[in-house]
Amino acid sequence: MTAEFTMETDAQGVATITWDTPGKSMNVMSLQGFAELDAHMDAALADDAVTGIVITSGKPGSFAGGMDLNIIAKMREDGGDDPAKSIFEGIMKIHAILRKIERAGMDDKNKGGKPVACALPGTALGIGFEIPLACHRIFAADNPKAKIGLPEIMVGIFPGAGGTTRLSRKLGAMGASPFLLEGKLSDPKKAKSAGLVDEVCDDPLAAAKAWVLEAKPSDIVKPWDDKGWKMPGGAPYHPAGFMTFVGASAMVNGKTKGVYPAAKAMLSAVYEGALVPFDTALKIEARWFTSVLLDPSSSAMIRSLFINKEALEKGANRPEVADQKVRRVGVIGAGMMGAGIALVSAMAGIEVVLLDQSKEAAEKGRAYTEGYMEKGIARKKATPEKKEAALALITATDDYAALKGCDLIVEAVFEDPKIKAEVTAEVLKHVGEDCIFATNTSTLPISELAKASESPEQFIGIHFFSPVEKMMLVEIIRGKATGDRAVAKALDFVRQIRKTPIVVNDARFFYANRCIIPYINEGIRMVAEGVSPALIENAARMAGMPLGPLQLVDETSIELGVKIAKATKAAMGEAYPDGAVDDVIFWMADQGRMGRKAGAGFYSYDDKGKRTGLWEGLAAQYPVADDQPSLTEVQHRLLFIQSLEAVRALEDGVLTDIREGDVGAILGWGFAPWSGGPFSWLDILGAPYAAERCDELTEAHGDRFACPELLREMAGKNRSFYGSASQSAAA
Ligand code: NAD
């Protein structure tokens with residue numbers, strides 16, 4: 001077994017413990033790593049020749065990326081019937097190792113002990129920052145690309161190796177809150193000004209070694225181990241501290257609507273920990289951490305937002321085809337989507353030819369990148385050089401000849417099959433035989449559009465979401481004839497622009513829109529039934545949806561809703577099921593309430609376009625009924641309608657991998673992230689209960705809630721999506 005940590009002691013007695021996970025570009029903590037770090041600490045503390053210790057990384061530009069989350073799964077499995085005990089004990093062992101670093105051999109009176117410094121060559125995340133927090137002094141390289149912080153909350157857990165307790169004691173509850181509750185990451189200079197690290201310098205290893213040689217006994221006693229220590233900003237029963245905790249509690253509940261267990265548990269760990277001595281606080285932190293790790297929400301979030309998201313980004317479903325990295329992309333149509341696609345491509349260093357009907361229109365699209373970068377410069381997130389570099393990569397033109405040499409085309413012209421076909425034919429006259437042609441259509445079947453090409457195997461859908469630069473999901477759609485090289489090309493492109501791909505098969509609305517449209521429609525249906533709009537919107541938010549269905553339709557525009565309804569009705573004929581929805585949106589359109597852009601929709605807006613509340617005039621046409629459904633009933637309608645559509649997409653073969661279904665749902669339309677996605681949510685409910693609810697909802701509201709066969713079958717066998725044999729291999 002190759003060592004993850006090694007130790008060397010120099011002539012001056014400084015023992016340097018170097019972390020270097022074999023075979024990884026960044027260090028990741030494993031159980032073996034913890035054991036080795038612990039053994040080196042024991043040896044260094046016991047060795048009289050060692051006067052001080054420096055912990056650093058053997059990886060250039062980074063200290064560590066975090067913990068291997070499989071450790072947690074292993075602790076849970078090892079626990080058999082009592083996973084809580086096993087997890088709690090596992091966490092306490094980690095606390096003991098970090099506490100050993102922090103106490104460094106001191107006795108109860110803070111006497112003795114050896115100075116321990118940490119030298120960070122760069123990025124230090126999660127456990128990679130919790131270890132430094134246990135050291136006596138943190139030196140970080142002046143590396144502006146480095147990110148330092150505790151992002152655990154983003155995947156549904158919290159810093160559970162003492163990071164929560166140490167940071168809240170170091171900065172005070174208020175000071176620590178952006179780093180703990182929002183997972184805010186900082187570059188080294190900002191980390192120093194926030195008090196996360198002590199020094200930023202060119203050679204942190206040399207500085208750390210020099211420091212341990214000169215450290216005084218008082219330098220190595222942590223404030224919380226010193227007599228008379230008081231929490232910065234005040235402990236909970238101090239008047240100032242009281243205000244902080246009341247405010248933090250309100251903020252957490254306001255932001256999370258109470259559905260994210262990790263934020264609440266972390267706040268409890270900080271609050272309760274602040275009332276007791278440090279070692280007891282660590283125990284409290286460990287208990288809350290155990291409870292979070294055992295909550296199905298946190299496992300589902302880790303699975304979807306960390307493990308599976310990363311697997312998809314690394315090409316889990318990429319066909320085995322040689323590297324298809326994009327060198328020169330042609331973007332056809334420089335409107336809202338095309339301009340965004342040009343921007344993200346140029347930012348990834350790809351040459352872009354941005355083509356529109358006129359040179360002016362193309363230039364306007366290119367100016368979007370200019371405006372975006374200028375905003376970035378004003379916010380100190382970009383530099384004038386970066387702006388120039390991005391703009392230099394974009395050629396704005398109306399001349400198809402400029403597309404010569406493009407290896408990928410992304411078409412984003414008007415949503416009209418005839419125009420798209422003309423554009424496709426024209427493009428193909430000017431590009432090489434190998435060029436892959438992608439369309440960004442949001443509704444038109446790829447297999448139909450592919451007919452405009454003589455090489456349909458090189459034709460594919462690459463569906464971006466708006467705004468392109470913000471939305472992290474890209475839906476790649478395989479047409480009937482699409483070949484593997486086109487899929488690989490699309491995946492490699494998405495990887496270059498650092499977004500998350502899912503690959504789906506061709507069908508009406510693909511995957512994301514197929515699920516989100518029923519969500520909007522269900523909300524509108526309830527309006528027609530007399531359910532209070534406030535209940536609909538709040539039920540959605542309290543179920544963890546970022547926007548209620550009525551706000552969402554206002555954002556995307558009621559005009560678009562009307563267009564989609566008309567097109568779907570024309571395509572489906574008699575089978576069209578959404579007449580009740582159309583009554584409401586057609587009436588809204590007649591009233592001129594087209595949504596946020598029009599300054600009027602289901603919500604009212606002020607002159608600046610800010611929402612001022614639900615539109616009261618709606619009640620004149622759709623009065624609120626005396627009897628209102630329960631909150632759970634409304635929430636179930638809103639979540640089931642999306643989840644059942646996701647299951648049907650799987651049954652129909654539009655989705656081929658539930659991981660894509662879950663990750664795509666969270667990143668594409670914000671499906672209740674706490675649940676891990678629609679398949680994870682159904683797993684949390686349990687198939688038997690989910691099937692029973694489908695039957696009740698069908699009886700009460702109609703066949704759109706009919707239980708899909710797959711779910712019914714799973715209910716009969718008491719199986720889950722992630723547990724079932726066929727999918728667990730994939731997952
Ligand atoms: P848009 O109207 O903002 O832009 C379309 C651009 O295409 C315009 O600049 C227009 O001048 C140009 N164009 C039209 N015909 C052309 C031709 N023959 N040759 C060259 N350029 C031509 O539209 P958009 O919102 O950017 O949408 C573009 C495509 O992306 C559509 O297929 C749409 O369905 C899809 N899409 C849109 C969204 C969204 O939220 N807007 C999301 C995903 C996908």
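The following exercises concern the annotated domain, the ligand shell and the internal cavity of a predicted model.

Residues are numbered from 1 along each chain as its sequence is written. Local features need pLDDT of at least 70, side-chain atom pairs count only at pLDDT 80 or more, totals for chains, interfaces and linings use all residues, and side-chain values use heavy atoms, with hydrogens and water left out.

**Exercise 1. State where UniProt places the domain and describe that span.**

Step 1. The unreviewed UniProt entry places "domain: 3-hydroxyacyl-CoA dehydrogenase NAD binding" at residues 329–506; such annotations may be inferred rather than shown by experiment.

Step 2. The span is 41% helix and 22% strand, where helices (H or I, at least four residues) and strands (E, at least two) are DSSP runs numbered from the N terminus. Its end C-alpha atoms lie 23 Å apart.

**Exercise 2. Describe the shell around the ligand and its polar contacts.**

Step 1. The ligand has 21 residues around it, each with a heavy atom within 4 Å. Met337, Asp356, Glu415, Lys420 and Ser442 come nearest.

Step 2. By class, 10 are nonpolar, eight polar and three charged. Here Ala, Val, Leu, Ile, Met, Phe, Trp, Tyr, Cys and Pro count as nonpolar, Asp, Glu, Lys and Arg as charged, and the others, Gly among them, as polar.

Step 3. At least two residues of the shell come from each of α12 (336–347), α15 (417–430) and β18 (459–464); α15 gives the most, with three.

Step 4. For polar contacts (pairs of N or O atoms within 3.5 Å), consider the ligand's oxygen atoms. One lies 2.8 Å from a side-chain N or O atom of Ser442. The side chain of Gln357 has an N or O atom 3.0 Å from a ligand oxygen, and for Met336 a backbone N or O atom is 3.0 Å from one.

Step 5. Alone, the ligand exposes 830 Å², of which the protein buries 78%; areas follow the Shrake-Rupley method with a 1.4 Å probe.

**Exercise 3. Locate the largest cavity and classify its lining.**

Step 1. On a 1 Å grid over the protein atoms alone, a cavity is a set of points where a 1.4 Å probe fits but cannot get out. The whole structure has one cavity of 30 Å³ or more, and the largest has a volume of about 40 Å³, taken as the space filled by probe spheres set on the points.

Step 2. Lining residues have an atom within 4 Å of a point; they are Leu312, Glu313, Lys314, Gly315, Arg318, Leu491, Asp492, Arg495 and Pro501.

Step 3. The lining divides into three nonpolar, one polar and five charged residues. Both α11 (296–313) and α17 (484–496) supply at least two residues, and α17 gives the most, with three.

Note on methods: A polar contact is a pair of N or O atoms within 3.5 Å; within protein, one must be able to donate a hydrogen and the other to accept it, and residues adjacent in sequence count only if both atoms are side-chain atoms. On a 1 Å grid over the protein atoms alone, a cavity is a set of points where a 1.4 Å probe fits but cannot get out, and a pocket is an open set with protein on both sides within 12 Å along at least five of seven lines; lining residues have an atom within 4 Å of a point.
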